[in-house]
Amino acid sequence: MNLFEETPNWKEELTPLINQYKGKKHPLDYQNAYQLLVMVVLSAQDSDANINKIAPELFKNFPNMEVLAASNTESLFPFISKVRNFATKANWLIQIAKTVKEDKNIPTNLESLTALKGIGRKSANIILRETNQKAEGIIADLHVIRVAPRIGLTDDSKNGIKIEKQLMKILPPEIWNEIGMAISFLGRETCRPTNPKCEECIVNSYCNYFNKIQM
């Protein structure tokens, strides 16, 4: 955490990273806000690749919130049975659909999104970012939780909310919408859990981890 004092202007330092990934679509292959919301709920503790694989058949049978609201949990099972904790998630999705009722009613703020079953701050922040809403927080997915401490932006915590709050404290609101996803993409593509590609990393000049391995 010593970089807090050495490089206080994190907005400036992170600008190249933001520019590299700005506007890049989330790896979930959604086509609209309804699909995004459903896929975000299903992706908890599962892989984006797996959710992308089951999505076409799921949305062929449940094309919108209205159809989903008129269904029940058991009717979802054949389409999401390969998703981790599918029974619980099916219950969440039906509850969400019965609450929201129509695609046009999908919430566009953090408080209303997190009031829905199965949607926490991380999921809500993803939905807000991908639907071009005003950021009210920073995406802290498993990649951000791993990479942010490695760079030196946060404590070495496994708690996504704690990581998010620390990032919000040191980063200005105008970059919240992009920085979480940018760090996530960095973690997916370059700052891998093992054998990170440090030499080609766009933030290596101020990364704690890189500086330590150079010593």
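**Entry 1: cysteines**

I started with cysteine 198, which counts as buried at 13% relative accessibility. I am working with a predicted model, so I keep in mind that each position comes from a predictor. Where is the closest cysteine sulfur to the one in cysteine 198? I found it in cysteine 207, at 6.3 Å, which is too far for a bond. A disulfide needs the two sulfur atoms within 2.5 Å.

Next I asked how many disulfides the count comes to. My tally is 0 disulfides. Cysteine 191 is in no disulfide either, and its nearest cysteine sulfur, again that of cysteine 207, sits 6.2 Å away. I also looked up the surroundings of cysteine 191: with 9% relative accessibility, this residue counts as buried.

**Entry 2: confidence**

I wanted to know how far the predictor trusts its own model. The average pLDDT of the protein is 95, and 96% of the residues score at least 70. Residues 1-5 have a pLDDT below 50, yet this stretch has 18 contacts in the model beyond near neighbours in sequence. I will read those contacts with the low score in mind.

**Entry 3: salt bridges**

How many salt bridges does a search of the whole structure find? I noted 10. I then picked a few to look at one by one.

My first pick joins the side chains of lysine 24 and glutamate 189, with 2.7 Å from N to O. Lysine 24 is in the loop between helix H2 (10-21) and helix H3 (33-43), while glutamate 189 belongs to helix H12 (residues 176-189), so this pair ties together parts that lie 165 residues apart in sequence. Are the two partners buried or exposed? I found lysine 24 partly exposed, with a relative accessible area of 35%. Glutamate 189 is partly exposed too, at 32%.

My second pick stays within one helix. The side chains of glutamate 57 and lysine 60 meet in a salt bridge at 3.0 Å, N to O. Both residues lie in helix H4 (residues 48-61), 3 residues apart, which is about one turn of the helix. Glutamate 57 is partly exposed at 41% relative accessible area, whereas lysine 60 is exposed at 60%. The word changes because exposed starts over 50%.

My third pick is glutamate 130 with arginine 129, whose closest N and O atoms are 2.5 Å apart. I looked up both partners and found each of them buried.

I also found a network: salt bridges link Asp48, Asp141 and Arg188.

**Entry 4: lysines over rings**

I came back to lysine 24 and found that it lies over the face of phenylalanine 185, at 4.5 Å from the ring centre. So I have two notes on this lysine: the ring of phenylalanine 185 and the salt bridge to glutamate 189. Lysine 25 lies over a ring as well, the face of tyrosine 30, at 4.0 Å from the ring centre.

**Entry 5: aromatic pairs**

How many aromatic pairs does the structure hold? I wrote down 5. One of them is tyrosine 34 with phenylalanine 59: the ring centres are 5.7 Å apart and the planes stand at 65 degrees, so I call the pair edge-to-face. Since tyrosine 34 lies in helix H3 and phenylalanine 59 in helix H4, the pair ties together parts 25 residues apart in sequence. Tyrosine 34 counts as buried at 2% relative accessibility, and phenylalanine 59 counts as buried at 9%.

Another pair is phenylalanine 77 with phenylalanine 86, which is edge-to-face because the planes are at 90 degrees, with ring centres 5.3 Å apart. Here I noted phenylalanine 77 as partly exposed at 25% relative accessibility, and phenylalanine 86 as partly exposed at 26%.

**Entry 6: backbone angles**

A reminder to myself: most residues other than glycine have a negative phi. Which phi did I find at asparagine 85? It is positive, about 55 degrees, although this residue is not a glycine. Asparagine 85 sits in the loop between helix H6 (73-80) and helix H7 (86-100) and counts as partly exposed at 42% relative accessibility.

Lysine 101 goes in my notes as well, with a positive phi of about 75 degrees and no glycine at that position. I located lysine 101 in the loop between H7 and helix H8 (110-114). Lysine 101 is partly exposed, with a relative accessible area of 49%.

Methods: Residues are numbered from 1 along each chain as its sequence is written. This is a predicted model: local features need pLDDT of at least 70, side-chain atom pairs count only at pLDDT 80 or more; totals for chains, interfaces and linings use all residues. Side-chain values use heavy atoms; hydrogens and water are left out. A salt bridge is a side-chain nitrogen of Lys or Arg within 4 Å of a carboxyl oxygen of Asp or Glu. Helices (H or I, at least four residues) and strands (E, at least two) are DSSP runs, numbered from the N terminus. Buried means under 20% relative accessible area, exposed over 50%, partly exposed in between (1.4 Å probe, protein chains only). pLDDT is the predictor's confidence in each residue, from 0 to 100. Contact means heavy atoms within 4.5 Å. Rings of Phe, Tyr and Trp (its six-membered ring) pair if their centres lie within 6.5 Å; planes under 30 degrees apart count as stacked, over 60 as edge-to-face and the rest as tilted. A charge sits over a ring if NZ of Lys or CZ of Arg is within 6 Å of the ring centre and within 35 degrees of the ring normal.
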